[in-house]
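Subject: Structure handover

Hello,

I am passing this structure on to you. Please open it before reading the notes underneath.

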Protein chains: 2
Amino acid sequence: MGTVSKALGLLDQFSRQRALIGLSDFARASGMNKATCHRMLTELAAHGFVEQVGAAREYRLGPQALRLAALREAAVPMREAAQPVLRALAQELGETVHLSVIVGENLKMLAYAYSATHAMTVMMEDADTLPWHATSSGLAVLAFGPQALARRVLAQPLLRLTAQTETDPDAIRARLAVVQAQGFAESASGFEEGVHSLAAPLFDAGATCCGALALAAPAARMGPELRSRVQSSLITAAQQITTLWGGQVPPAIADIWQGTPLPTQERA
Amino acid sequence: MGTVSKALGLLDQFSRQRALIGLSDFARASGMNKATCHRMLTELAAHGFVEQVGAAREYRLGPQALRLAALREAAVPMREAAQPVLRALAQELGETVHLSVIVGENLKMLAYAYSATHAMTVMMEDADTLPWHATSSGLAVLAFGPQALARRVLAQPLLRLTAQTETDPDAIRARLAVVQAQGFAESASGFEEGVHSLAAPLFDAGATCCGALALAAPAARMGPELRSRVQSSLITAAQQITTLWGGQVPPAIADIWQGTPLPTQERA
DNA sequence: GTGATCGGTTCATTATTTGAACCGTTGGTT
DNA sequence: AACCAACGGTTCAAATAATGAACCGATCAC
């Protein structure tokens, strides 16, 4: 890990809860020296990635993020393209829908949509990085993404987030086989108590899984009726988004999704 | 300039015209060694700032930009807040309106709005970084921003972009005094032949100029009638945006804008 | 006062970046 | 088919830039 990575890692400290971070806080949170943090933040500030604000001279994200995002969307309109599909899906099914993509070694949430149907819905503001092993999105990407990714992720220690979180790598590998067989992933209370979610993989132009589309609902509402509606709508929407992104669903998964399961399991 | 700055500088190579850049192109454009570029791009890719795509393994901006932009807008809704004002202004005056902010030592365009009134309008897609000395936006920020910025900028060699571009630092300093006196900046064909623009400064919470709001029109249409309408509407809109951003117009400039010019010039 | 913490700076030590040369591939030209 | 140039990527000794303990002045709570 080089100096650049350390500097970029500082930006990961920001979240919706922590929009303003002081120098000493950065040093503590990143485990780096205060002087090192200061120099890096100065360089980040010179390029507009962060800016200092107020009397306390705290740092917050800078306007450069907006410029880069605008360029990214102009070149690859992922977020804008997916957003209407998320909204439609959330409204149709009456539950929270969210979309995440692989960013480095993490799964990061890119967009979400709520439904106004129920007073109690799953909020996604707090989630930023989704744990691979404890969310349906994570399992979907592990199951359909590069095997190397799954190997690396499952080699690391897995955090127990709730009493229901599965943390045994072998047990998770077994679940991934199920995910591969049925074409979507499921997670009940693995991330947060009482939250049940389903997720379908999304693919890029090289037919490689690059993210997931998921629906999260209170476990109490996730009965057989909703579950089967979610399953089919989620898969349809995932196909839509993949197409909008110029991606391709691998034939094997397309077959499963079209209800013609393969006679033999191709992926091991 | 440290390693981090060099790496971040690579991201500035991207533009709407150049969304895909190869390794060797990066090395040439940045003047750095190919190996150096490669290591930096690898680190940027690990954090999702760039991603490799296609058979040619070229690089493009990655999804991390979207995440950071979403966080930035959640914390400081600058772009979203300003956009409706830009649209209204463009429609009212029938010309292209754009907004730029200071990013490091450069003036970068953040947002723009077109009018559907005329077939011929000034397009802003190509502009990304605005030259300080050759645009009304640049002059406005130099005139009302920190003196240190103007000093540094005018100490560097100034490029001649058109036959009308003023490149003499002293002549520009004289123009800045005029800008300060009238409360807005003007530039005729300094940036592009036949484009006439007016700009008003925008201020942050510390009453420091942090950007500019500008209107650009074909010189042929910029007669006395339009010019006076632009002048008053631009100032009103600049005040609106400054307020939306939680900023404060310095009293001296507010007085000028309200038509009560100060008896003596305060800023030198 | 007093002590703790803040953002920021210094400078000898140290670890990292750097870049010329090199590799295997690809794609066009002779 | 042989050739060549340009591509993305890698290597390793030499050079340079990053590092961190100690320090500074300011601020704040007590």
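The notes below go through the annotated spans, the two DNA strands, and a few local points. Please keep in mind that this is a predicted model.

Annotated spans of chain A

UniProt, in an unreviewed entry, lists residues 1–63 of chain A as "domain: HTH iclR-type". In the model this span is 48% helix and 13% strand, and its end C-alpha atoms lie 27 Å apart. The UniProt annotation "domain: IclR-ED", also from an unreviewed entry, covers residues 64–247 of chain A. That span is 44% helix and 22% strand, with 28 Å between its end C-alpha atoms.

DNA strand C

There are 20 residues around DNA strand C, and A:Thr3, A:Ser24, A:Lys34, A:His38 and B:Asn33 are the closest. Of the strand C atoms that come within 4 Å of the protein, 69% belong to sugar and phosphate. Three polar contacts to phosphate oxygens of this strand can be listed:

- A polar backbone atom of A:Leu23 is 2.9 Å from a phosphate oxygen of DNA strand C.
- For A:Arg28, a polar side-chain atom lies 3.1 Å from a phosphate oxygen of DNA strand C.
- The side chain of B:Arg39 has an N or O atom 2.9 Å from a phosphate oxygen of DNA strand C.

The elements giving two or more residues to the surface near DNA strand C are α2 (23–30) and α3 of chain A, and α1 (3–11) and α3 of chain B. The largest share is that of α3(B), with four residues.

DNA strand D

DNA strand D is likewise surrounded by 20 residues, of which A:Asn33, B:Thr3, B:Ser24, B:Lys34 and B:His38 come nearest. Sugar and phosphate make up 68% of the strand D atoms that come within 4 Å of the protein. The contacts to look at are these:

- An N or O atom in the side chain of B:Arg28 is 3.1 Å from a phosphate oxygen of DNA strand D.
- An N or O atom in the side chain of B:Arg57 is 2.8 Å from a phosphate oxygen of DNA strand D.
- A polar side-chain atom of B:Lys34 lies 2.7 Å from a base oxygen of DNA strand D.

Two or more residues each are given to the surface near DNA strand D by α1 (3–11) and α3 (34–46) of chain A and by α2 (23–30) and α3 (34–46) of chain B. Here α3(A) gives the most, with four residues.

Positive phi angles

A:Arg57 is not a glycine, yet has a positive phi of about 55°. This residue lies in the loop between β1 (50–53) and β2 (58–61) of chain A, and at 55% relative accessibility A:Arg57 counts as exposed. A:Ser189, also not a glycine, has a positive phi of about 60°. A:Ser189 is in the loop between β6 (185–188) and β7 (195–203) of chain A. With 11% relative accessibility, A:Ser189 counts as buried.

A surface patch and a buried helix

A:Leu159, A:Leu161 and A:Phe191 make a nonpolar surface patch of about 280 Å². A:Leu161 is in the loop between α7 (147–155) and α8 (169–182) of chain A and is partly exposed, with a relative accessible area of 39%.

In chain B, helix α6 (residues 136–144) is largely enclosed by the rest of the structure, because nine of its nine residues are buried. Among them are B:Leu139, B:Val141, B:Leu142 and B:Phe144.

Regards

Key: Residues numbered from 1 in each chain as written. Chains lettered and ligands numbered in written order. Predicted model: local features only at pLDDT ≥ 70, side-chain atom pairs only at ≥ 80, totals over all residues. Heavy atoms only, no water. UniProt positions renumbered as here; feature names shortened; annotations may be inferred. Patch = residues over 30% accessible without salt bridge, like charges linked within 9 Å, V, L, I, M, F, W, Y side chains within 5 Å. Areas by Shrake-Rupley, 256 points an atom, 1.4 Å probe, with all protein chains shown as cover. Salt bridge = Lys/Arg side-chain N within 4 Å of Asp/Glu carboxyl O. Buried < 20%, exposed > 50% of the residue type's maximum accessible area, 1.4 Å probe, protein only. Near = heavy atom within 4 Å. Polar contact = N/O pair within 3.5 Å; in protein donor to acceptor, adjacent residues only side chain to side chain.
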